[in-house]
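Colleague: Hi! Could you walk me through this one?
Modeller: Happy to, here it is.

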2 protein chains.
Amino acid sequence: MARKQGSHSDITGPKVQDTALRLIAQHGYAAVSMRQIAAEVGVQAGALYNYTSDKQSLLFDLMQRHMQDLLDALHKADLQGDALARLETFTRFHIRFHLPRSDQVFVSYMELRNLDPENFAAIEAMRRRYEDALESILRDGEVEGIFHVPDTRVTTMALIAMLTGLSHWYREGGRLAMNTIETIYWDLVRKAVTA
Amino acid sequence: MARKQGSHSDITGPKVQDTALRLIAQHGYAAVSMRQIAAEVGVQAGALYNYTSDKQSLLFDLMQRHMQDLLDALHKADLQGDALARLETFTRFHIRFHLPRSDQVFVSYMELRNLDPENFAAIEAMRRRYEDALESILRDGEVEGIFHVPDTRVTTMALIAMLTGLSHWYREGGRLAMNTIETIYWDLVRKAVTA
DNA sequence: GTCTATAGCCGGATAGAC
DNA sequence: GTCTATCCGGCTATAGAC
């Protein structure tokens, strides 16, 4: 260790991603420089361009990976049962997935406006697919007569905002454990939508 | 008009604030330059420093004014009646205040990390006072037996996130009128907290 | 109160040596 | 794969003329 030169692609590659994520979450994309990222990684700025074509790609790759991980995990969550059961699964899944990823959540919500238009469109499409998963549960519950929601789209946006907001203030080791929080939120969601 | 020189403090002052708010909401504080603001105002960059001591003060003043306006308006909303009535007043007040101020809401939530530490503390304290107003309503309702919330603090954060999230996606002239939206959200809030 | 001009620094990205 | 060195431009903020 403490080598100043040499090849470290196995180590440096992930380290660039991790460092960029952390710094962008903390200071914002526009406020973080490539030199700053390089310094924390332990290389010179020029070396970063072996791992990303430019700064914009660095941001886009972080956000795309987060959204893809989210969609993959949702599909594996395999929602079953009636609409109420599926809503509980979705709610608990959302919290469990997002809480340990506060940096990713933060960046994915705060840095949308710093994406180039085509990158923005790609991320928005992925986000929309996730929202639609919740909305279809609400629609099914309405048909089944279990839920009573005046407008499924508005309710979808309201619930996701409520759930995601949790990631913005929850801190590990705080007053309440994740399990407790999860149950409190599920309670709020259930009561809000049931007839 | 179209004068290139001269004194315009009455016009330029507010214009600087308005322009800064709009540009920062659109691109982010770090991504917006003083030159850019000056260009949209119609002056040279140096002239901005007649209206703000530096860029940081420009941001802080915008956020402080927004939070002060919010607290002032809340006090005038004069919450009366039982906890349920006061919760409805609060909910409708929140939506009516925030919806026409999407740029202020956006900046006040997104740019917290770009505030200097002392400025951050000041804004956070103001935000906390607003949150506490809602929490005290929830506590009263719990005592009165009207509400059933497992944890007033968590519920406060959940409800505010839900309500404020509305400002992030609502666009005037969209599918639904503000009054309709307001009623949908009040319905969700009421059902989520009542016993 | 606004202008022009500029100081002094930092930004993204690239070239070529090793 | 990483380094050093550099191009070229943009940044905040200030100085002094009008």
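Modeller: One term before we start: a polar contact is a pair of N or O atoms within 3.5 Å. Also keep in mind that this is a predicted model.
Colleague: Got it! How far is the side chain of Thr12(B) from a phosphate oxygen of DNA strand C?
Modeller: An N or O atom of that Thr12(B) side chain sits 2.8 Å from a phosphate oxygen of DNA strand C.
Colleague: And what about the backbone of Gln44(B), how far is a polar atom there from a phosphate oxygen of DNA strand C?
Modeller: That distance is 2.5 Å. His8(B) also uses its backbone: an N or O atom there lies 3.4 Å from a sugar or linking oxygen of DNA strand C.
Colleague: Which elements give two or more residues to the surface near DNA strand C?
Modeller: Those are α2 (34-41) of chain A and α1 (9-27) of chain B.
Colleague: Which residues come nearest to DNA strand C?
Modeller: Of the 20 residues around the strand, the nearest are Gly6(B), Thr12(B), Gln44(B), Asn50(B) and Tyr51(B). On the DNA side, sugar and phosphate make up 74% of the strand C atoms that come within 4 Å of the protein.
Colleague: What classes of residue are on that surface near DNA strand C?
Modeller: There are ten polar, six nonpolar and four charged residues.
Colleague: New topic: what turn lays chain B on chain A?
Modeller: A turn of 180 degrees, with a shift of 0.0 Å along the axis, gives an RMSD of 0.0 Å. So the two chains are related by a two-fold axis. The same surface serves both copies, as 100% of the contact residues of chain B recur in chain A.
Colleague: Thanks!

Note on methods
Residues numbered from 1 in each chain as written. Chains lettered and ligands numbered in written order. Predicted model: local features only at pLDDT ≥ 70, side-chain atom pairs only at ≥ 80, totals over all residues. Heavy atoms only, no water. Least-squares fit on C-alpha atoms with pLDDT ≥ 70 in both. Contact = heavy atoms within 4.5 Å. Near = heavy atom within 4 Å. Polar contact = N/O pair within 3.5 Å; in protein donor to acceptor, adjacent residues only side chain to side chain. Helix = DSSP H or I, 4+ residues; strand = E, 2+ residues; numbered from the N terminus. Nonpolar A, V, L, I, M, F, W, Y, C, P; charged D, E, K, R; others polar.
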